[in-house]
Amino acid sequence: MAAKAFSVRLPEEVRDELAYLSEATHRSQSSLAIEMLTEQIHAKSRKMKAIQAAKQDIKSGVFHSGEQVLDWMESWGTENEKASPEPDLFENTEL
């Protein structure tokens, strides 16, 4: 994937922390920033996609229980990250 330049203004406190991490890890500030931004953007995107899917579920009358969703979300970012669960509640199901 081709990389393109992108400029962003960081608060001084964040810049200082990035400089510290760069020195401590012997990695460039740019590579650290790219890695961290990529991780956060992917995580936020997954969450937004899950929200959109939930909105579609509401329209269809198919739902996920709170327990099921929490169990799934707690796995995010771990080595054992779970796939999106199948719905376990349907329009006429009692909670």
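In this predicted model, one aromatic pair is present. Its partners are W72 and W76, whose rings meet edge-to-face. The ring centres are 5.0 Å apart, and the planes stand at 85 degrees to each other. That is edge-to-face because the angle between the planes is over 60 degrees. Both numbers are worth having, since a pair of aromatic rings is described by the distance of the centres and the angle of the planes. As for solvent, W72 has a relative accessibility of 14% and so counts as buried. W76 is buried too, at 16%.

Now to the helices. Two packed helices are described by the angle between their axes and the distance between the axes. Helix α1 covers residues 12–25 and helix α2 covers residues 29–60. Their axes come within 9 Å and cross at roughly 110 degrees. An angle of 65 to 115 degrees counts as roughly perpendicular, and α1 and α2 are therefore described that way. The crossing of these helices is right-handed.

Which residues make this contact? On the α1 side they are L18, A19, L21, S22 and T25, and α2 brings Q29, L32, A33 and M36. Sorted by class, the contact has six nonpolar and three polar residues, with no charged ones.

S22 deserves a closer look. This serine sits in helix α1 and is buried, with a relative accessible area of 13%. Leaving aside residues up to four places away in sequence, S22 touches R27, S28, Q29 and L32. Q29 and L32 also belong to the α2 side of the helix contact.

Between α1 and α2 there is a loop, and H26 is found in it. Is H26 buried or exposed? H26 counts as exposed because its relative accessibility is 74%, and the cut-off for exposed is over 50%. Its backbone is worth a glance as well. Most residues other than glycine have a negative phi. H26 is not a glycine, yet its phi is positive, at about 60 degrees.

Further along the chain, helix α3 spans residues 66–74 and holds Q68. With a relative accessible area of 19%, Q68 is buried, because the cut-off is under 20%. What does Q68 touch, once residues up to four places away in sequence are set aside? Its contacts are P85, E86, P87 and D88.

Two arginines round out the tour. R15 is in helix α1, while R46 is in helix α2. R15 is partly exposed at 44% relative accessible area, and R46 is partly exposed at 36%. Here is how each one relates to another residue of the chain, with distances in space taken from C-alpha to C-alpha:

| Pair | Apart in sequence | Apart in space |
|---|---|---|
| R15 and A3 | twelve residues | 22 Å |
| R46 and V69 | 23 residues | 14 Å |

For a look at the structure on screen, the crossing of α1 and α2 offers a handy starting point, with S22 among its contact residues. From there, the loop between the two helices leads to H26, and W72 and W76 show the edge-to-face pair.

Definitions and conventions
Residues numbered from 1 in each chain as written. Predicted model: local features only at pLDDT ≥ 70, side-chain atom pairs only at ≥ 80, totals over all residues. Heavy atoms only, no water. Axes fitted to C-alpha atoms, helices over the stretch in contact; angles between N-to-C directions. Helix = DSSP H or I, 4+ residues; strand = E, 2+ residues; numbered from the N terminus. Parallel < 35°, antiparallel > 145°, perpendicular 65-115°, else oblique. Left-handed = near helix turned anticlockwise from the far one by under 90°. Contact = heavy atoms within 4.5 Å. Nonpolar A, V, L, I, M, F, W, Y, C, P; charged D, E, K, R; others polar. Phe/Tyr/Trp six-rings, centres within 6.5 Å; stacked < 30°, edge-to-face > 60°. Buried < 20%, exposed > 50% of the residue type's maximum accessible area, 1.4 Å probe, protein only.
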